[in-house]
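Here are some exercises to work through with the structure open beside you. Try each task on your own before you read its solution.

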Amino acid sequence: MFTALLCPQSVNLSPHTPASAVAHHQHVSMQRMVHVVSGCRLLLTCQRSSLLRCAAALHLHNMANREQRIKAVREKIGAVPDFPKPGILFRDIFPLFKDAVLLNDLILLLVEHIKEKHDKVDVIVGLEARGFLFGPMIAQHLNAAFVPIRKKGKLPGECVKVEYSLEYGTDVFEAQKTAVQPGEKVIIVDDLIATGGTMDAACQLISGMGGDILECLVVIDLVDLKGAAKLKKPFFALVQFEGE
C-alpha cells in the first residue's frame, strides 16, 4: 500500500502540457508523500505507545509477583518468644531452610535486587554467623568472591580487626588482611539488623581495608530498634518486622 502511494501511476506529461497541469500533478504527488510519512509516524507512535503500555503492565505484574514472593518469605520466618532472654521475640530464619524452593527464591530475590541497583560487585562479605548461610549463595550467583567476617581468633593468618560496643561490654570483628583489596566493590550481608552495632562495625572494618561498600543487605529489619539509622552506607532489607 505504501509503495503504491509513494509511487503513483505515471501521468503522460508532454513538453506541451500546460504549466498549471504540471504544477497540479507535482502538488498531488507531494501531498501523497506527506500523507504517507504522516501515516508512518502515526503507526510508529501507536506501536511505541503500545510497547510502553505493555512494558508498564509487565512492570506492574512483576512488582505484584515480587511482593507475593516476599510475602511468602515473610510468612515462613518463625517467631520464638522469650528467646534468648525474656521479653525478646526472636525471628527465626531456619524454617526457610526446610523449604528448598522458597530458600532458592529468597536468594534470587536478593540477587535480583543487587543486579537492579549495582552494575558490578566484586566481593560479598558475610557476617558471623548467619551471614555465612546467605553470602556464599549470593556470591555464586554474582560470580563474586565471598569473604567472612568473624569474631576474634576464629580466622587463620594475619587479620585486621575492629572493636565495637555491645549492650554490656565490647567485642571484636576480624577479617583476613588481604581478603578485600582497595577499591573492590563490596556488599555486606547478614540475616537481620537489630540495633545495627555489628553491621556498623563491619562497615568500619571493610572501609579500613579500602573496600568500596555499595550496600548493607539483610533479610530482616527489626525496624523498631532503628539499627539502619546507625549506618552511613546504603541499606536494604527484604522484609520488616515491627513491635520487637
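**Exercise 1. Find the loop that holds Asp82, then look for unusual backbone geometry in that loop.**

Solution. Start with the place: Asp82 sits in the loop between S1 and S2. This model is predicted, so every angle here is computed from predicted atoms. Next, check the phi angle: Asp82 is not a glycine, yet its phi is positive, about 60°. Now move along to Pro84, which is found in the loop between strand S1 (78-81) and S2. The peptide bond that joins Phe83 and Pro84 is cis, with omega about 5°. To see why such features catch the eye, recall that most residues other than glycine have a negative phi, and most peptide bonds are trans.

**Exercise 2. Locate the cis peptide bond from Glu128 to Ala129 and the positive phi of Lys226.**

Solution. Take the bond to begin with: omega is near 0° between Glu128 and Ala129. Ala129 belongs to the loop between strand S3 (123-127) and H4. Then turn to Lys226, in the loop between strand S8 (212-222) and strand S9 (235-241). Its phi is positive, about 55°, although Lys226 is not a glycine. Is Lys226 buried or exposed? Exposed means over 50% relative accessible area, and Lys226 counts as exposed because its relative accessibility is 60%.

**Exercise 3. Describe the surroundings of Phe134.**

Solution. Step one is the element: Phe134 is in helix H4 (residues 131-142). Step two is burial: the cut-off for buried is under 20%, so Phe134, with a relative accessible area of 0%, is buried. Step three is the neighbours. Leaving aside residues within four places in sequence, the contacts of Phe134 include Ile93, Phe97, Leu103 and Val189. Val219 is also in contact with Phe134. How far apart are Phe134 and Val219 in sequence and in space? They are 85 residues apart in sequence, while their C-alpha atoms are 9.2 Å apart.

**Exercise 4. Explore the largest pocket: its volume, its lining and the elements that supply it.**

Solution. Begin with the volume, about 1200 Å³. The lining has 35 residues, and the closest to the centre are Leu192, Ala194, Thr195, Thr198 and Leu225. Which elements each supply at least two lining residues? They are strand S2 (89-92), strand S5 (159-166), strand S6 (169-176), strand S7 (185-193) and helix H5 (197-208). The largest share, six residues, comes from H5. Finally, sort the lining by type: 16 residues are nonpolar, seven polar and 12 charged.

**Exercise 5. Step back and summarise the protein, including how confident the prediction is.**

Solution. Count the elements: there are five helices and nine strands. Read from the N terminus, their order is α-α-β-β-α-β-α-β-β-β-β-α-β-β. Of the 244 residues, 34% are buried. Consider contacts between residues at least 6 apart in sequence: 57% of them join residues at least 24 apart. For the surface, the protein exposes about 14700 Å², and carbon and sulfur atoms supply 57% of that area. Last comes confidence: the average pLDDT is 86, and 74% of the residues score at least 70. Where does pLDDT stay under 50? That stretch is residues 1-11, for which the model has nine contacts beyond four places in sequence.

How values were computed: Residues are numbered from 1 along each chain as its sequence is written. This is a predicted model: local features need pLDDT of at least 70, side-chain atom pairs count only at pLDDT 80 or more; totals for chains, interfaces and linings use all residues. Side-chain values use heavy atoms; hydrogens and water are left out. pLDDT is the predictor's confidence in each residue, from 0 to 100. Contact means heavy atoms within 4.5 Å. Helices (H or I, at least four residues) and strands (E, at least two) are DSSP runs, numbered from the N terminus. Buried means under 20% relative accessible area, exposed over 50%, partly exposed in between (1.4 Å probe, protein chains only). Accessible areas come from the Shrake-Rupley method with a 1.4 Å probe; for residues, only the protein chains shown count as cover. On a 1 Å grid over the protein atoms alone, a cavity is a set of points where a 1.4 Å probe fits but cannot get out, and a pocket is an open set with protein on both sides within 12 Å along at least five of seven lines; lining residues have an atom within 4 Å of a point. Grid points are joined across faces, edges and corners, and a volume is the space filled by probe spheres set on the points. Ala, Val, Leu, Ile, Met, Phe, Trp, Tyr, Cys and Pro count as nonpolar, Asp, Glu, Lys and Arg as charged, and the others, Gly among them, as polar.
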